[in-house]
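Student: Can we go through this structure together? I'd like to start with the basics.

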Amino acid sequence: MSAIDVPAPETGLPKGAPILEVEDLHVTFRGRVGLIAGLRGQKGTRSRAVDGVDLLVRKGEVLAIAGESGCGKTTTARAIMGLQEVESGTIKYEGKPLPRNLKPYLRKVQMVFQDPTGTLNPRQTIYEIIAEGLRIHGIDRGPDGEPEEQLVARALSRAGLRPPDRFFLRYPHELSGGQRQRVVIGGALVLEPEVIVADEPVSNLDASVRGEILQLLMKLREDLDLTIVIVTHDLGLAWTVADRVAVMYLGRIVEIGPAEEVLLRPLHPYTKALLDVVPEAGGLDRPILTGEPPDPTKIPPGCRFHPRCPVVVSGKAAELGIEAACKGEDLALEEIQPGHFSACHASRQLGAEAAAAAIAAAGAAVAPEPVAEDGRTDDAASDEPPDGT
Amino acid sequence: MSVLSLKDVHITYHTASGGVPAVRGVNLEVAKGEVLGLAGESGCGKSTIAAAILRLLPGTTKVEGSITLDGEDVLAMKPGRLRAVRWTGASIVFQGAMHALNPVQRVGDQIGEAITVHNQAGEREARVRVGALLEQVGLPTRRAMDFPHELSGGQKQRVMIAMALACNPSLVIADEPTTALDVMVQAQVLRLMKELQRDLGLSMVFITHDLSVLVETSDRLAIMYAGKVVEEGSAATVFHDPKHPYTAALAAAFPEIGDRRFRGNPTGLGGDPPDPQEIPSGCPFHPRCSVAFADCERTVPELYPAGEGRRAACLLVEGAKTVATGVSE
Amino acid sequence: MQSPPITPGGDPNLTGDRMPESLPELRSPRRIRRARRRRAHTTIWKEYRKSKMGMAGLLILVFFVAVAIFAVFSSKDGLDPTKVFGPRLAPPSLKYPLGTDNFGVSVLTQVIQGSKISLLVGLVASVMTITIGALIGIVAGYRGGAYDTLLMRFTDFGLVVPWLALAIILASIIGPSLVTIILVIGLTSWPSTARLVRSQVLSVRERPYVERARALGGGNWHMIGHHVLPNVMPVILANAVLVVAIAILSETALSFLGLGDPFSFSWGGVIESAFNGHATTLGAWWWIAPPGICIVLVVLSFTMIGFALDEIINPRLRER
């Protein structure tokens, strides 16, 4: 191979060591108040987008953060990147909290965005877009003295755009969606980061192109020793690429553990519900949660999922004697099985096996009648407020 | 009698850089009470077909072939008749429908507008009918007084569906109706559409790129690529046993959780869906096809019979060879 | 159960490869930048050429600029009434194509010399306006918060100040002169530019690629220099053209009111002398009409150019 494919240098941390830690993260958005109301002392509505998130990312792993819109996953990702003001909580990189000046940190932790078209400045050539990172950090030579063009070419090549110099002078609008996303990835790679945070990296791309981009990410993880955090709403994607999965709901992680455990033997009713509605799961006659994704300005007391939880709604919670807890006692993640955490009273009470069974049973109990028989069975006649994002 | 019939339809857009052939010879039929799923990605022509059915394409677009709605030739309709047929014969739930609502008009008025414009009822009657429609889509009638921004995404989509049903059309065309919604809300809306379709005996054309959704909602599937139909048949068989390599790839993009073959193994196609102005020679899919052979570059495949009620446009099918597929390493 | 997935195939770069012609081997980023700029400019020019209005405006402007340049090099003797012996208030003739004024000075000479001053004042005042306006607009739009509020209230104040009153006051302090006029125009026209620039900055600031630059580690100066400014420039340019037109018009008005240099021969000045010399009652149309027509033509040309530029700039931004 040419000099373009020089492998990445070995880095300090051993594989599996914690590289990124998030501790008790809180991010709140305040609504706006009119001038008079503000003077009167009224404050805007508080939207608790991220309400106490703890995360530990290990070097070399692929962690998927999954959930619906409004659950806080994107906000968490942006907070990790320093793009979002944080109300409280600590973010640590390689054990040390983030400094005030994030620039050196951002060389190590880079982001891949959702919309490849918007993320690229239409007035810049591909060369300039990739080189931007280098120029911001004042890097005009590589570690072995390589000139800027070679660094740019290497990044493009690693991102799968070959031969790289054919892309130097082109503009984003001349490329297809998949190619644009590769440019975004290349722009992140040029800084030789340790961690890549990808926010819905493939949801704006054509279905047949997605696999390729995911393949690229996995290959990069292999070749360059990267750690990848993927934010997604698609559990199928998590199944395909993730080592661990964290499921978020209303600003908190409600379940986290090895991908196969969480996706095949979920220990939280919300995870189970999400898995059930994935279309391939078979048939629309399966349980579907009612209402809209809830409002971060009105977080319910107790377990925040209890108003929609099949275990509560079906009466199973009452049977198990945990209904009062579900409705009144807020709870944090607990290790139900080694490495597999869940924030659910049922799991906590019953342990893994029984909890999984109870959750599945509850789901079936609230399953609506098969469509042909009945009329409307789900309830959109709710007064759920419009979803926040 | 089919509600919708497209025969040898060719649609070419007119642009500054010449003609863009978006649809290149498509034949489709939708029987009464049937749901036809139309799947494909950007540039395949599916949205163009949706718009063409009601002649909603820009004036400079060339539409050839025959489009028959309820026995009437849409392309030959005079403007007056066309306007009458729009919404009463067939209606559309647009892509990004949630943004198609007028932000300064109450939703009830917007739905009612469809009714009164077609002189199907006076104002008061229309209001009653709007209430009934909202109930049908699972919204409380008092929501008619709301403005769009007071509704959530899923609720707005229900309003769009109510609007589509306002004039009792025989055919509803749904163009990516749930793409922008969360999975949970998507499931609710899909269930609603399925219920309505069965209760009202609607015929539907369901357009989306998400094959897995189509399996649940459609009776028959047609897969489009580069302006042509490349495979068609009953929904379940096409999805679970694709005969065309593209269909297989599209299906693989929505892996089933629990399927070990996909674990750690994202599968995708190289390249991108072709630009309508630069369609490859021979079989348009050959540059991206893993089982392509020499002939594929030269010969344009027809839709060959591929089983009971199934057709696929692949030379391998013609030669009755099996589509050689395998899990990548 | 689905069937097994397809092994991925095909060259990733085969489709979607829309390279028109062969590209020269480009190794140096400087050459790349130059090539790109050249490409951008030629495209703008090509588009501009298509606009009839734009080309007409450009032609007129070029004509007057040529006249002004000629005026710089030609002698001013013709303007001095002590050195001229032409007939007074003579209608146009071969020797005096635009006739003479009440001192016997050729009107044509005055108009030619006047072009120099009018265009100059227009230009200098515009540069002042745009610089102040753009600076304030960018700072207010980018920083936001208290800066924005403060600067915008200041801008509102600027919008409200009656420029005529300001001109009269300034003239009485500094004395009527070209500098007075330039100052007045420059100091009172910037608010609308500031508002325009600010709104454009607000929109650019939120764009995803700006966020990406921040994620890459970019600081505020980098953002402004690399992303905000290049995207705001087109708007400033289109606005600049109109500002020049307005500046020239304003100069005319102020000169006409006698606030300009009483010895200058800007077009406004000529109209003023004609007015004071009772040209209308005496029927000396050749004295009062030509400068007015010139002003109209120049302002028109700038307006047409501005319109044409606007059409080019906005749809391109949209389609990109």
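Tutor: What follows is a short talk about a sheet, some helices and a contact between chains. This is a predicted model, in which local features need pLDDT of at least 70, side-chain atom pairs count only at pLDDT 80 or more, and totals for chains, interfaces and linings use all residues. Residues are numbered from 1 along each chain as its sequence is written, while chains are lettered from A and ligands numbered from 1 in the order in which they are written.

Student: OK, the sheet in chain A. What is the order of its strands?

Tutor: The order is β6-β7-β8-β3-β9-β10-β12-β11 in chain A, eight strands in an open sheet with mixed pairing. Strands (E, at least two residues) and helices (H or I, at least four) are DSSP runs, numbered from the N terminus. Two strands pair if DSSP finds at least two bridges between them.

Student: Which are the edge strands?

Tutor: β6 (109–112) and β11 (334–337) of chain A, each of which pairs on one side only. From one strand to the next the twist averages 25°.

Student: And β3(A) with β8(A), parallel or antiparallel?

Tutor: Parallel, over five bridges, between residues 62–66 and residues 227–232 of chain A. Leu63(A), for one, has Val229(A) as its bridge partner in β8(A).

Student: Changing topic. How many residues does each chain give to the contact between A and C?

Tutor: Chain A gives 36 residues and chain C gives 29 residues. Two residues are in contact if their C-beta atoms, placed from the backbone, lie within 7 Å.

Student: Which element gives the most on the chain A side?

Tutor: α5(A), with five residues. That side divides into 14 nonpolar, 11 polar and 11 charged residues. Here Ala, Val, Leu, Ile, Met, Phe, Trp, Tyr, Cys and Pro count as nonpolar, Asp, Glu, Lys and Arg as charged, and the others, Gly among them, as polar.

Student: Now chain C. At what angle do α7(C) and α8(C) pack?

Tutor: About 145°, with the axes 11 Å apart. Axes are lines fitted to C-alpha atoms, for helices over the stretch in contact, and angles run from 0 to 180 degrees between N-to-C directions. The contact includes Tyr209(C) of α7(C) and His222(C) of α8(C). Its residues divide into four nonpolar, three polar and no charged.

Student: Last one: how many residues of α9(C) are buried?

Tutor: Eight of its 10 residues, among them Trp267(C) and Glu272(C). Buried means that 20 or more other C-beta atoms, placed from the backbone, lie within 10 Å of the residue's own (exposed is 12 or fewer, partly exposed in between). After α9(C) comes His278(C), with a positive phi near 55°.
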